[in-house]
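Work through these exercises with the sequence and the model open. Try each task before reading its solution.

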Amino acid sequence: MTETAPATPFKAALVQLRTGLLPAENLVQATQLIREAAAQGAQYIQTPEVTNVMQENRKALFDLLASEADDASLKAYQDLATELKVHLHIGSLALKASPERAVNRSFLIGPSGDILASYDKIHMFDIDLENGESYRESANYQPGETAVLADLPWGRLGLTICYDLRFPALFRALAEAGASFIAAPAAFTKRTGEAHWHALLRARAIENGCFIFAAAQGGLHQNKRETFGHSLIIDPWGTVIAEGGTEPGIITAEIDPARVTAVRKSIPSLQHGRRFSVRDPSQQPDYLRAVRGSP
């Protein structure tokens, strides 16, 4: 496992949004809050998943989407990062990859306006909840295939998006590749958020001894979807050091990268992982299956 050198503390900010149906209006909302975060001294600013648009209707969605090269929101955020001299992490934008497929893509933009890293969401949110809510992200979006890290001035950042949170192997791979911070921008449903949001994010921080930055969508959106909100910044010990509510706004926290080194030294579980095989009960010898009562 590689480790980046300890760095100086910095201020992180998470922008919580309630993204609507029109990208131009969503850009105005997000820009205002990003400016507010920068004015408070934030050097790393993250927005949630689908910062540009939340639209369930397939035709309406594809009528709005542009390619990465032509997306007006992305260009505006690059200009904004340059103006504010911050590392601006757009949690994700819905972009057109082809006439039939979109991508859910995260962008880390540097103070020069350059795109330092981009990441396509790997795990697609295809679920049917008990309350009747149903989502088929794979119907519109093509999944990514590559885990992505980027080097910030303060340490290494691993990129994930929303439903990725339920796949700890991705977070472990990012931590083993040297991530001191892992981003988990999201649009969690209200129901799943109430049950699992805090527990999963704290677990990912504890398991990997890293900071978690999770900017969230919150509230009842124009498309009638309700998201959980509660943007979270969590330290490597699993302590919540900043939390939002359900309304649009920002949260901030001072981040000391040395905390990662201290926690990983105290509990060096990243160094203790071992490969192992899994024994299928059906492959056990007949006499063992008989003793254990297997059919």
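**Exercise 1. Cys162 and Lys224**

In which loop is Cys162 found? Then compare its backbone and burial with those of Lys224.

Solution. Start with the ground rules. This is a predicted model, in which local features need pLDDT of at least 70 and side-chain atom pairs count only at pLDDT 80 or more, while totals for chains, interfaces and linings use all residues. Residues are numbered from 1 along each chain as its sequence is written, and side-chain values use heavy atoms, with hydrogens and water left out.

Step 1: locate Cys162. The residue lies in the loop between strand E9 (155–159) and helix H4 (168–176). Helices (H or I, at least four residues) and strands (E, at least two) are DSSP runs, numbered from the N terminus.

Step 2: read phi. Most residues other than glycine have a negative phi. Cys162 is not a glycine, yet has a positive phi of about 45°.

Step 3: check burial. Cys162 is buried, at a relative accessible area of 7%. Buried means under 20% relative accessible area, exposed over 50%, and partly exposed in between (1.4 Å probe, protein chains only).

Step 4: turn to Lys224. Its place is the loop between strand E12 (218–220) and strand E13 (226–228). Lys224 also has a positive phi, about 75°, without being a glycine. Lys224 is exposed, with a relative accessible area of 67%.

**Exercise 2. Strand E1 and its partners**

Which strands does E1 pair with, and in what direction does each pair run?

Solution. Two strands pair if DSSP finds at least two bridges between them.

Step 1: take E16 (residues 249–255). Seven bridges join this strand to E1, and the two run antiparallel. Ala12 stands opposite Ala253 here.

Step 2: take E2 (residues 44–46). Three bridges join E2 to E1, and this pair runs parallel. Ala13 has Ile45 as its bridge partner in E2.

Step 3: add the helix. E1, helix H1 (residues 23–39) and E2 form a right-handed β-α-β unit. Right-handed means that, with the strands pointing away from the viewer, the path from the first strand over the helix to the second runs clockwise.

Step 4: sort the side chains. Phe10, Ala12, Leu14 and Gln16 point one way from E1; Lys11, Ala13 and Val15 point the other way. Seven of the seven residues of E1 (residues 10–16) are buried, so the strand is largely enclosed by the rest of the structure.

**Exercise 3. Around Gln55**

Which residues does Gln55 touch, not counting those up to four places away in sequence?

Solution. Step 1: place Gln55. The residue sits in the loop between E2 and helix H2 (58–64). Gln55 is buried, at a relative accessible area of 18%.

Step 2: list the partners. They are Leu21, Ala60, Leu61 and Asn223. Contact means heavy atoms within 4.5 Å.

Step 3: take one pair. Gln55 and Leu21 are 34 residues apart in sequence, but 5.8 Å apart in space, C-alpha to C-alpha.

**Exercise 4. The whole chain**

Where does pLDDT stay under 50?

Solution. Step 1: pLDDT is the predictor's confidence in each residue, from 0 to 100. The protein chain averages 93, and 94% of the residues score at least 70.

Step 2: the stretch under 50 is residues 1–5. Where pLDDT is low, the predicted coordinates should not be read in detail.

Step 3: count the elements. The protein chain has eight helices and 16 strands.

Step 4: check burial. Buried residues make up 51% of the 295 residues.
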